[in-house]
Amino acid sequence: LTIVEGIGPKTAVALEDAGINSIYKLAAVSDEELRGILRDAGLRGDPTTWPKQAQMAVAGDLDGLQAYQEKLVGGREA
């Protein structure tokens, strides 16, 4: 999960505890659901781009993912 810009170790644990334990599951969840998971875990963050990043990784578009991440600031679109 930490391949996604904006997800660090603590956030990855919170996501895994909520059942999102793979990049495939992350790609299928809404940013609104992710906000709830973060809120319940007492964490902050903006998960708006996380599903899109995960979808790119699932599709095998690692070059596209890297290019997209270079435009992000802390996992958010600048």
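Reader: How far apart are the mean positions of the positive and negative charges of the chain?

Author: This is a predicted model. The chain carries 8 positive and 12 negative charges. Take the mean position of each set; the gap between the two is 5 Å.

Reader: Which pattern does the chain follow along the sequence?

Author: The secondary structure comes to 5 helices and 2 strands. Reading along the sequence gives their order. The pattern is α-α-α-α-α-β-β.

Reader: Why does the chain count as being as compact as a globular protein of that length?

Author: The C-alpha trace spans about 35 × 25 × 20 Å along its principal axes. For 78 residues, the globule rule gives 12 Å. The chain is as compact as a globular protein of that length because its radius of gyration is close to that value, at 11 Å.

Reader: What share of the residues is buried?

Author: Start with what the chain exposes: about 4700 Å². Carbon and sulfur atoms supply 48% of that area. As for the 78 residues of the chain, the buried share is 38%.

Reader: Is glutamine 69 buried or exposed?

Author: Glutamine 69 lies in helix α5, residues 62-70. Its relative accessibility is 18%. Buried means under 20%, so glutamine 69 counts as buried.

Reader: Which residues is glutamine 69 in contact with, leaving aside its neighbours within four places in sequence?

Author: Contacts across the sequence matter for this question. In the chain, 44% of the contacts with a separation of 6 or more join residues 24 or more positions apart. Glutamine 69, with close sequence neighbours within four places left out, touches Ile3, Val4, Glu5 and Gln53.

Terms used:
Residues numbered from 1 in each chain as written. Predicted model: local features only at pLDDT ≥ 70, side-chain atom pairs only at ≥ 80, totals over all residues. Heavy atoms only, no water. Helix = DSSP H or I, 4+ residues; strand = E, 2+ residues; numbered from the N terminus. Rg over C-alpha atoms; globule rule 2.2 N^0.38 Å. Buried < 20%, exposed > 50% of the residue type's maximum accessible area, 1.4 Å probe, protein only. Contact = heavy atoms within 4.5 Å. Areas by Shrake-Rupley, 256 points an atom, 1.4 Å probe, with all protein chains shown as cover. Lys, Arg positive; Asp, Glu negative; His and termini not counted. Charge placed at Lys NZ, Arg CZ, Asp CG, Glu CD.
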